[in-house]
Amino acid sequence: PRGIVDEILIRTHDEHSMAEAMMQVEAIMRVRHQLRPGDRNDFEIETADDSMSFWKRISQILMIAFPGLVGIALVVGGMVIMNIMLVSVMERTREIGMRMAIGARRRDIIFQILVESATLSGLGAALGIVIGIMLAQIVRAVSPLPAAVAPKWIVASVLLGAGVGILAGLYPAMRASRLDPVVALRHE
């Protein structure tokens, strides 16, 4: 609104004069706001160090919370992939029996199911990477925060996604490879 100042930025020539500048600014602001000696300030004086310590505290909290949240998400995602692959194996029991009847070995069936589950989770990781990059660009565009996704984390997320897919696909793959071809061919 007109006549109201929300924020004033002040820069000193060096760090040593910062404390003196803060005292002078506080004195000027108290006079301008007509505050008596016993009154509390109705304004705040904040340094870049104060802001940085705030962001450091938030980042420390996030660094503690994120691994737990990521772990929970990986377990839930692995369970979802395992269920999808179990349903896929059940729906394709006849196909698996046919492959085994014409000579597919157990390891061929295991490899096929593991590749499918790793592909499923890898696509999920790729989608997550794209969303993360887009969110970082949005944060960078609308705020003063520097936001970017480091290439090492992209590689780590793809490897982690494929690893979760392989681990989640182990049980369905082993189950599919143990099917009796004759029984599997009769499955409706």
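**An all-helix chain, question by question**

Q: What share of the 188 residues of the protein chain counts as buried?
A: Keep in mind that this is a predicted model. To count as buried, a residue needs under 20% relative accessible area. Out of the chain's 188 residues, the share that makes the cut is 21%.

Q: What radius of gyration does the protein chain have?
A: Start with the yardstick: a compact globule of 188 residues would come out near 16 Å. This chain doesn't match that, and its C-alpha atoms fill a box of roughly 95 × 30 × 30 Å along the principal axes. The chain's own radius of gyration is 30 Å.

Q: How many helices and how many strands are there in the protein chain?
A: Walk along the sequence and you read α-α-α-α-α-α. So strands, as DSSP runs of E, number zero, and the helix count is six.

Q: How far does helix α2 reach from its first C-alpha to its last?
A: Helix α2 covers residues 48-91, which makes 44 residues. At 1.5 Å a residue, you'd expect 64 Å. The model comes close to that, with a reach of 61 Å.

Q: Where in α2 does a kink of about 30° lie?
A: Look for the proline in this helix, Pro67. The kink comes shortly before Pro67, at Ala65.

Q: Which helices are included in what covers the buried residues of α2?
A: First, find the buried residues of α2: Gly78, Ile81, Met85, Leu86, Ser88 and Val89. Then check what lies over them, counting heavy atoms within 4.5 Å as contact. The cover includes α3 (93-101), α4 (106-142) and α5 (151-177).

Note on methods
Residues are numbered from 1 along each chain as its sequence is written. This is a predicted model: local features need pLDDT of at least 70, side-chain atom pairs count only at pLDDT 80 or more; totals for chains, interfaces and linings use all residues. Side-chain values use heavy atoms; hydrogens and water are left out. Helices (H or I, at least four residues) and strands (E, at least two) are DSSP runs, numbered from the N terminus. The expected span of a helix is 1.5 Å times one less than its number of residues. The bend at a residue is the angle between axes fitted to the seven residues ending there and the seven starting there. Buried means under 20% relative accessible area, exposed over 50%, partly exposed in between (1.4 Å probe, protein chains only). The radius of gyration is taken over C-alpha atoms; the globule rule is 2.2 Å times the number of residues to the power 0.38.
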